[in-house]
Amino acid sequence: MRTVDDLDWIPVEEPSAAGRVRRAAMAVAGRLGFDEHRAGELGLAATELATNLHRHAVAGTAVVRVRRADPLAAVELVALDAGPGIDDLGVVMADGHSTSGTLGVGLGTVRRLASHYDAHSVPGRGTVVIGTFWPAGTPAAVARGDRSVAVLSRPIGGEEVCGDAGTWRADGDGFTVMLADGLGHGPLAATASQEAVRAFEASALARVAEPGDILAAIHRALGGTRGAAVSVARVDAAAGRVRFAGVGNVAGWVDGERRRGMATVPGIVGHRRPAIRSTEYPLPPGALVVLHTDGLTEKWSLGDYPGIRRHEALVSAATLLRDAGIRHDDASVLVVGAP
């Protein structure tokens, strides 16, 4: 089920931002029960990521998240920027490499201290770095986890909460995923999208598998809210197909050698029952499935980012949100990659 919460998006525009990122990460670690040593490692990595953003990046942002695998939880850091990019990440990520001639520890600190890390960069476009920090003693299988599905959400400027929410579950050889965009912004929009998450989770307990049926159950659950746009997809890579149902403007795409949109119907989930139907689309080998709210434009292509498909789904989600999330709105991306 849902395994992440995006807690804080922190623009890194001045030197003091590094302290804010470190404090935010360590505050979450304290709530999650990290021991002092592991919290200190997290704080060092957070400081390094933010310092590098300030010194070398354009439009740098750090995201502090929680990733859950019951009963454990990790602190996840995502650093993204709009340039200048890095020609050779392998050199920069070497522990002890200095990107400034003075700092010395470099981005290799993240790779050395994180339970999991990933990074992708395109010169002239920007860089995404991910570091996930589990508590000391977390089993390796839990820390490694499944990184083939990711959702990333960012609230509209001026709001503390995002009116979007996404979730997923493993179903046999594939995944069923859902992304909701509550009408408007702020707490009432968030209430609607969180109710969609709860209804999605309830559908698993009731063994509801067809996306159209799941969406109908979400429609019934949202009757007491302001409503939402919602899309649900059942991604079966082994069978090479996607089953999809959507109401409103949460876009769905199959992105392979060519990008193909999946059809939604007009309406508002939770208000006047829309004409919900499931449709099926081919899923070519290596293709990604992308859902995103209308906080992103549709003018994006993962083909602009060489090698990105070899990275975890969160790298693609962060890259798309960075470059296509330019509308003044809540913005969320859910990506399903190769298993």
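Visitor: Which strand gives the most to the lining of the largest pocket?
Guide: Strand S1 does, with seven residues. A pocket is an open set of points on a 1 Å grid with protein on both sides within 12 Å along at least five of seven lines, and lining residues have an atom within 4 Å of a point. Strands are DSSP E runs of at least two residues, helices H or I runs of at least four.

Visitor: Is this model predicted or not?
Guide: This is a predicted model, where local features need pLDDT of at least 70 and side-chain atom pairs 80 or more, while totals for linings use all residues. Residues are numbered from 1 along each chain, and side-chain values use heavy atoms, without hydrogens or water.

Visitor: How many residues line the largest pocket?
Guide: The lining has 32 residues. Asp-8, Trp-9, Ser-153, Arg-154 and Pro-155 lie nearest the centre. Strands S1 (4-11), S6 (149-154) and S7 (164-171) and helix H6 (186-205) each give two or more residues.

Visitor: And what lines the second largest pocket?
Guide: That one has 18 lining residues, with Thr-3, Arg-67, Gly-145, Asp-146 and Trp-168 nearest its centre. Strand S2 (61-69), helix H5 (140-144) and S7 each supply two or more of them.

Visitor: New topic. Where is Leu-283?
Guide: Leu-283 sits in the loop between strands S13 (279-282) and S14 (288-292).

Visitor: Buried or exposed?
Guide: Leu-283 counts as buried because its relative accessibility is 8%. The cut-off for buried is under 20%.

Visitor: What is Leu-283 in contact with, leaving aside neighbours within four places in sequence?
Guide: Its contacts (heavy atoms within 4.5 Å) include Val-235, Asp-236, Gly-240, Val-254 and Val-289. Asp-236 is 47 residues away along the chain, yet the C-alpha atoms of Asp-236 and Leu-283 are separated by 8.0 Å.

Conventions:
On a 1 Å grid over the protein atoms alone, a cavity is a set of points where a 1.4 Å probe fits but cannot get out, and a pocket is an open set with protein on both sides within 12 Å along at least five of seven lines; lining residues have an atom within 4 Å of a point. Buried means under 20% relative accessible area, exposed over 50%, partly exposed in between (1.4 Å probe, protein chains only).
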